[in-house]
Amino acid sequence: MSISSDEINYLIYRYLQENGFHHTAFCFESESLFTRSSVSHIDVPPGALITFLQKGLEYIGIEEHINEDGSVRDFDRNYSLLSPFVCDAVAIKKEKRRSSQSLPSHPDIVPMEENRQEPSISNSNSNSIKLKEELGETRISTIKFEGGTKWLQLQGHQGEVFISVWNPVQLQLASGSADGMCRLWDLHTTPPSTWSSDPSQDSLAVRMSVMPHSQYAKERCKDVTSVNWSSNGLKLATGCYDGTVRLWENTGVLSATLQEHNGPVFSLKWNKTSTYLLSGSYDKRVIVWDPVSGTVVKVYSIHNEPVLDVDWRDGDLFASCSSDKNIHICCVQPSSSEALPLKTLQGHLDEVNAVVWSPGGLLLASCSDDTTAKVWSARDGLKFDLRGHTKEIYTVRWTPTGPGSVNPNRPLQLCTASFDGTVKVWSAETGEMVYNLRRQAQPVYSISASPNGELLATGSLGGHVSIWSLRDGSLVREVHGGGDTFDVAWSHDGAMLSSCFSSGMLYILDARI
């Protein structure tokens, strides 16, 4: 079977003519030049384009409803040409099947209060969406023990887990997934000290809350792409592939739905005082939100390509980076109507993947597909051009050390992770490479320094999770998970390390050395 562009153009031309768009049909004929081919002499019945589309949709609908044994499930609604489709009947059956598989009861675990609240704040131009929340569940997690390393395996997500972020003040973990769910895992009652090393006691009850971003199971374009806690740990913000930002209480209650972006939200950050929320999107815009009122404070249309990352320096100043190779530094001034950058940093030759301010806010680090990382001074511009990687640098992170940090007596260092399989550690004082860390050849997607600045966790494709010493660059510990490692993160006290995988699994490592 073959389809030529001339055939498609001819069908579109006929559709325009049949529906009275004669001028448009004339222009289309002149530009597409399909009349120079033989297809213009073929006689096709009226409405041919619509007929082909309808038959195609019918075929896709049937294909979606065929069971493995060849039988066909009932259709509960029509297939739409543009809207994502999941059969409601099938989705509901799957949800009921999962909920009917009851887990062993644990009377010592008090379930979180069930919440079924709807958004209290929503953009006035959008309709509220009723969300069914599956909260207060107790999940049985598996304790693994191998080679001196003990970890907890959390199950629940039905798709890739992209991100895991710890509450900054308590042992509570938020995870975002392609299944359209953000899940809250309460681990303060189950610290590593409660994990048994006895193989016969390999299960542990963990309280978990589900925060749905879709109206039905596995709805398309509902991937949770970004998750960020407020500095006081009371609020959680999530960004979705559908362009919606949601605010949640740390109990899992949805408090606000913020709708202004018209593309996936790639980055989401609270400022240092939790008075503003910053979002960067595929729609090329950066938006500052008032999280209390749920209103837009200011929209920055300053990039020419998708915004890939944003980061606050303090309560008012932030940086954004984009596929347009530029980094903009902006200051929020609600009294001013202007939404322009204070300064633009240029020098990268390809997409800028990430920006992050140093703990003291004096330096800004960036990394790019051009294989370089750069250290900038907000006042003086480029300070260091860090070269050494041979492929794209996906992410960059400062150690929580140096001036303005909780570890002011330890030297400030910058860590860069690349698709070349290496992680490099650089001195913020001299710009020289301190360590070149490499365990395998797969791209490294995530890095995270421990709260005391002594350890560095790295996650790469192939499921590798490694912990390195930042004192001497030695490998301290390593585990291997299922699928590819998308993110690693330390708990606020450094006792646990989370890692999430493309298999839908979450691992919580006992990080006490």
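**Two loop residues and a helix pair**

In this predicted model, Ser274 is found in the loop that connects strand E11 (265-270) with strand E12 (277-281). The phi angle of Ser274 is near 65°, which is a positive value in a residue other than glycine. As to its surroundings, Ser274 has a relative accessible area of 15% and is therefore buried, since buried here means under 20%.

Following the chain onward from E12, the reader comes to Lys284, which sits in the loop between E12 and strand E13 (286-290). Lys284 also has a positive phi in a residue other than glycine, with a value near 75°. The relative accessible area of Lys284 is 36%, so this residue is partly exposed.

Attention can now turn to a pair of helices. Two packed helices are described by the angle between their axes and the distance between the axes. Helix H1 (residues 5-18) packs with helix H2 (residues 22-32) at an angle of about 160°, and their axes are 8 Å apart. Because angles over 145 degrees count as roughly antiparallel, H1 is roughly antiparallel to H2. The crossing in which H1 passes H2 is left-handed.

On the side of H1, the contact is made by Asn9, Ile12, Tyr13, Leu16 and Gln17, while H2 contributes His22, Thr24, Ala25, Phe28, Glu29 and Ser32. Sorted by character, the residues of this contact of H1 with H2 comprise five that are nonpolar, five that are polar and one that is charged.

Methods:
Residues are numbered from 1 along each chain as its sequence is written. This is a predicted model: local features need pLDDT of at least 70, side-chain atom pairs count only at pLDDT 80 or more; totals for chains, interfaces and linings use all residues. Side-chain values use heavy atoms; hydrogens and water are left out. Axes are lines fitted to C-alpha atoms, for helices over the stretch in contact, and angles run from 0 to 180 degrees between N-to-C directions. Helices (H or I, at least four residues) and strands (E, at least two) are DSSP runs, numbered from the N terminus. Angles under 35 degrees count as roughly parallel, over 145 as roughly antiparallel, 65 to 115 as roughly perpendicular and the rest as oblique. A crossing is left-handed if the near helix is turned anticlockwise from the far one by less than a right angle, and right-handed if clockwise. Contact means heavy atoms within 4.5 Å. Ala, Val, Leu, Ile, Met, Phe, Trp, Tyr, Cys and Pro count as nonpolar, Asp, Glu, Lys and Arg as charged, and the others, Gly among them, as polar. Buried means under 20% relative accessible area, exposed over 50%, partly exposed in between (1.4 Å probe, protein chains only).
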